[in-house]
Amino acid sequence: MSHWFLPNPASVSPGVLAAQVTPPGVGTMLQPSIVSERLKEFFFPKSEAPVFFHCNREGLLQMAVEWFSDRNIFMIINGPMSQEWLDIAADCQKPVNVFDIAYGTDPDMDAFGLELQKDKYDVLMFVETDVYTGTSLNAAAICEKFRSISQDGLIVTDISGCVFCGFDEMLSELTDICLCGSEMALGLPPGLGIAVMNERAHTRLLAHNVMNGRYFNYPRNTVSRSASALDAPAYPLLNALNEQINTVLTEGIPDRVQRLAAVRNYVYEWAAVRGIPILSVSQVCAVNCTVIVLPPGIMPQEMAEYAARYGVFVTPGIGQMPENSLILYHGNDTTPADVMALIRVLDRFLNDYDTRQRNIPLAQRRQEQKV
């Protein structure tokens with residue numbers, strides 16, 4: 001049995017994959033409007049009904065940039081996911097004002113406020129959890145600071161890395177528009193984009209350039225509220241989403257978050273015993289992903305290739321991340337048993353290649369760590 005610790009695409013459970021084969025016309029096949037209402041009821045109670053798009057996350061981010069093509073955008077860049085959003089804006093020839101944060105660090109709210117005061121910004125865009133750096137920003141503090149300076153501005157948040165994995169439903173109240181691709185924390189195959197907006201954003205976008213189809217195509221889809229308005233997504237992914245909702249609700253959101261936190265603690269304890277640092281500082285560590293910085297001389301690609309021989313799949317860091325970083329995604333349905341399998345394989349590799357600790361028994365290292 002293989003163990004999948006890649007952030008994108010994330011591991012998809014067998015039950016969710018099986019739900020995709022439900023053929024059209026069968027009674028268990030739900031309409032998009034029904035799935036949308038379930039999402040709203042249990043995860044976005046303060047928002048409008050979610051809107052589905054047949055696209056991957058990159059397509060969803062591009063649409064978000066185009067929705068505000070004539071607005072002054074301020075974007076927080078703190079990892080590969082937000083950097084990708086900035087690159088998409090550049091491809092769309094849309095200038096964006098940037099607040100750059102070092103990967104894995106806690107943003108300076110005072111400096112953030114000073115940057116916001118330099119101009120009048122209509123839109124704030126940021127990624128809540130970057131699954132490539134294992135970092136979750138303090139969305140409440142960011143939104144509060146932006147609202148205190150730009151009362152009329154809209155806040156757009158990419159929650160692809162946190163929804164269903166420690167996702168705080170308050171985000172739908174703090175932010176005006178939440179965007180989510182299916183291939184990360186949602187735990188589905190790629191190809192489904194979700195946008196959720198609150199009444200404030202709905203009203204403002206409807207009032208602004210209502211005939212422009214880029215704005216969610218509101219005149220046709222959302223304002224009409226017709227049953228056929230959300231018929232674009234492929235039915236297999238909607239069935240998969242409905243099954244994932246069942247899985248999350250059956251486990252219970254508090255129990256799910258507790259399980260993911262316990263899984264993360266196993267990874268942290270192992271890294272501490274090995275003397276391996278975590279990329280993200282403790283204030284912004286994500287619950288569903290950990291990035292470790294390997295000792296000098298240990299190549300992440302070699303470790304990933306070694307682990308793959310045992311059916312354990314991990315990936316090196318990307319972009320501007322440290323060249324010796326290794327991404328361990330442990331969200332969605334990851335169990336302590338899965339993480340122990342991961343640790344066993346990584347230990348085998350380090351016992352062979354980490355010359356600092358090769359001759360020190362693991363039990364002795366654990367005892368030294370306790371002292």
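How many helices and strands does the secondary structure of the protein chain come to? In this predicted model, the chain comes to 13 helices and 14 strands. Of the 371 residues in the protein chain, 54% are buried. Among the contacts with a separation of 6 or more, 71% are made by residues 24 or more positions apart, and the places described below can be read against that background.

A good place to start is the nonpolar interior. The largest nonpolar core has 44 residues, and those that touch the most other members are Phe 68, Trp 85, Met 125, Val 156, Ile 177 and Leu 179. Helix α3, which covers residues 57-67, gives the most to this core, with 5 residues. Met 125 can be followed in detail: once residues up to four places away in sequence are set aside, Met 125 touches Ala 64, Val 65 and Phe 68, then Ile 73, Phe 74, Met 75 and Ile 76, and finally Trp 85 and Val 156.

From the core one can turn to Gly 193, which is found in strand β10, made up of residues 193-197. Is Gly 193 buried or exposed? Gly 193 counts as buried, because its relative accessibility is 0%. Leaving aside neighbours within four places in sequence, Gly 193 is in contact with Val 51, Phe 52, Phe 53, Cys 55, Leu 60 and Cys 180. Gly 193 also shows how the chain brings distant positions together, since Arg 57 lies 136 residues away in sequence, while the two C-alpha atoms are 6.2 Å apart in space.

Ser 36 offers another buried position, this time in helix α2, which spans residues 32-43. With a relative accessible area of 1%, Ser 36 is buried, and its side chain reaches the backbone oxygen of Pro 50 at a distance of 2.7 Å.

The next step concerns a pair of helices. Two packed helices are described by the angle between their axes and by the distance between those axes. Helix α5, residues 109-116, and helix α6, residues 139-149, pack at an angle of about 35°, and their axes are 10 Å apart. The crossing in which α5 passes α6 is right-handed. On the side of α5, the residues that take part are Met 109, Phe 112, Gly 113 and Leu 116, and they meet Ala 141, Ile 142, Lys 145, Phe 146 and Ile 149 in α6. Sorted by class, this contact of α5 with α6 has 7 nonpolar residues, 1 polar residue and 1 charged residue.

Some details of the backbone remain, and they are found in loops. The peptide bond from Asn 8 to Pro 9 is cis, with omega near 0°, and Pro 9 has its place in the loop between β1 (3-4) and α1 (14-19). Gln 93, in the loop between α4 (80-91) and β4 (97-100), has a positive phi of about 60° although it is not a glycine. Phe 164, found in the loop between β8 (154-158) and α7 (171-174), likewise has a positive phi, near 70°, in a residue other than glycine. Which relative accessible area does Gln 93 have, and which does Phe 164 have? Gln 93 is exposed, with a relative accessible area of 73%, whereas Phe 164 is buried, with a relative accessible area of 4%.

Key: Residues are numbered from 1 along each chain as its sequence is written. This is a predicted model: local features need pLDDT of at least 70, side-chain atom pairs count only at pLDDT 80 or more; totals for chains, interfaces and linings use all residues. Side-chain values use heavy atoms; hydrogens and water are left out. Axes are lines fitted to C-alpha atoms, for helices over the stretch in contact, and angles run from 0 to 180 degrees between N-to-C directions. Helices (H or I, at least four residues) and strands (E, at least two) are DSSP runs, numbered from the N terminus. A crossing is left-handed if the near helix is turned anticlockwise from the far one by less than a right angle, and right-handed if clockwise. Contact means heavy atoms within 4.5 Å. Ala, Val, Leu, Ile, Met, Phe, Trp, Tyr, Cys and Pro count as nonpolar, Asp, Glu, Lys and Arg as charged, and the others, Gly among them, as polar. Buried means under 20% relative accessible area, exposed over 50%, partly exposed in between (1.4 Å probe, protein chains only). A polar contact is a pair of N or O atoms within 3.5 Å; within protein, one must be able to donate a hydrogen and the other to accept it, and residues adjacent in sequence count only if both atoms are side-chain atoms. A nonpolar core is a set of buried Ala, Val, Leu, Ile, Met, Phe, Trp, Tyr and Cys residues joined through side-chain atoms within 4.5 Å.
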